[in-house]
Amino acid sequence: NFSVAVPVRSHDELGELAQSIQSLANELNYLKKERNEFLASISHELRTPLTYIKGYADITRRKDLDASERTRYLEIIHDESERLNRLLDELFNMARMDVNTFTISKEIVQLFSFLQNIHEKVLPAFANERIQLNLECKDDLFIDIDPSRFEQVILNLLDNALKYSNEYTVTTIKATECNGWISISIIDQGVGIPPEDVPHIFDRLYRVEKSRARDTGGFGLGLSIVKQLVEIQGGTISVKSNLEQGTCFTITFKEKTNEDSSSG
Ligand code: ADP
């Protein structure tokens, strides 16, 4: 531990310095604790699929298995390997964002056509689950974003809306402008997030009711990556949710006006 206790209580420069050192030490201790908890959770996440893979690999080596049993076990091994792969991909992405080697290239994008593209792309998946997907956006809104990173953000939020909604509900992608700020909301009529979980929803590896999330194959990394991606591009993200009624994630960006674009 960084157990610094600087016993200087004066109100002069030395006192201020002592205070800064103390708060730096507190911050370092906090980060260290967070890192340890994160590593513990990651080890657990890695171990679970590996346990399945090893267990079923052992069983499939048995001579007395019939073909259908063997196929079923091989499928489990395959699925768990894919799960492992996805986790490693997400971790890799996250690590790259942390060390700031992550490059973003922003450009001014017309929001309606951008969102329409995404809408078209995901519509079949929503139709398949009998969930209606609406898009509401005026066609004169512009924002300054990295299109592929921002698409990743919206796809992630839509993927959650789809995972946590039941059939015959409606999900809406809605963009509005107010006083030079643009808000893009993904609004679903799904299961909602319990109020006590809402403050943690953007934390790494945080899942509501682990059993519920496990069914969907999630790791609780998606939203923490989404938040980082939004903030890297200069935006903010917030959430409002009502249990059994639905959830609304809202991303806010400064609007790009014609003046902004002509002056660079
Ligand atoms: P996961 O990959 O597990 O879905 P996320 O970081 O994307 O991880 O989400 C964290 C948790 O937040 C999820 O486990 C889920 O319980 C909850 N959640 C996220 N989006 C929604 C939503 N649209 N409706 C209800 N719950 C949600």
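Axes here are lines fitted to C-alpha atoms, for helices over the stretch in contact, and the angles between them run from 0 to 180 degrees between N-to-C directions. Helices (H or I, at least four residues) and strands (E, at least two) are DSSP runs, numbered from the N terminus. The model on your screen is predicted, so local features need pLDDT of at least 70 and side-chain atom pairs count only at pLDDT 80 or more, while totals for chains, interfaces and linings use all residues. Residues are numbered from 1 along each chain as its sequence is written, and side-chain values use heavy atoms, with hydrogens and water left out.

**First stop: α3 and α4**

Select α3 (111–128) together with helix α4 (residues 147–163), and look along the pair. The axes of α3 and α4 cross at roughly 35 degrees and come within 11 Å. The crossing of these two helices, α3 and α4, is right-handed; a crossing has that name if the near helix is turned clockwise from the far one by less than a right angle, and is left-handed if the turn is anticlockwise.

Now show the side chains where the two helices are in contact, which means heavy atoms within 4.5 Å. On the α3 side you will find Phe114, Ile118, Lys121, Val122, Ala125 and Phe126, and they meet Pro147, Phe150, Glu151, Ile154, Leu155, Leu158 and Leu162 in α4. The residues of this contact of α3 with α4 divide into eleven nonpolar, no polar and two charged. In this scheme Ala, Val, Leu, Ile, Met, Phe, Trp, Tyr, Cys and Pro count as nonpolar, Asp, Glu, Lys and Arg as charged, and the others, Gly among them, as polar. An α-helix has 3.6 residues a turn, so residues three or four places apart point the same way.

**Second stop: α4 and α6**

Keep α4 selected and add helix α6 (residues 222–232), which packs against α4 at an angle of about 150 degrees, with the two axes 10 Å apart. The helices α4 and α6 are therefore roughly antiparallel to each other, since angles under 35 degrees count as roughly parallel, over 145 as roughly antiparallel, 65 to 115 as roughly perpendicular and the rest as oblique. Here α4 passes α6 in a left-handed crossing.

Which residues of α4 meet α6? They are Arg149, Gln152, Val153, Asn156, Leu157 and Asn160, and their partners in α6 are Gly222, Leu223, Ile225, Val226, Leu229 and Val230. The residues of the contact of α4 with α6 divide into seven nonpolar, four polar and one charged.

**Third stop: along α6 and just beyond**

Select α6 alone, where the buried residues include Leu223, Ser224 and Gln228; buried means under 20% relative accessible area, exposed over 50%, and partly exposed in between (1.4 Å probe, protein chains only). Serine 224 is buried, with a relative accessible area of 6%, and, leaving aside its neighbours within four places in sequence, serine 224 is in contact with Met94, Phe202, Asp203 and Arg204.

Move on to glutamine 233, in the loop between α6 and β6 (236–242). Is glutamine 233 buried or exposed? At 1% relative accessibility, glutamine 233 counts as buried. Apart from its neighbours within four places in sequence, glutamine 233 is in contact with residues including Ile104, Lys106, Arg149 and Phe253. Just after α6, glycine 234 takes a positive phi of about 90 degrees.

**Fourth stop: two loops with positive phi**

Most residues other than glycine have a negative phi. Select arginine 130, in the loop between α3 and β2 (132–136), which has a positive phi of about 55 degrees although it is not a glycine. Arginine 130 counts as partly exposed, at 48% relative accessibility.

Then go to asparagine 179, in the loop between β4 (170–178) and β5 (181–188). Phi of asparagine 179 is near 50 degrees, a positive value in a residue other than glycine, and asparagine 179 is exposed, with a relative accessible area of 70%.

**Last stop: strand β7**

Finish by selecting threonine 250, found in strand β7 (residues 246–254). Threonine 250 is buried, with a relative accessible area of 15%. Not counting its neighbours within four places in sequence, threonine 250 is in contact with Ser183, Ile184, Ser185, Thr236, Ile237 and Ser238.
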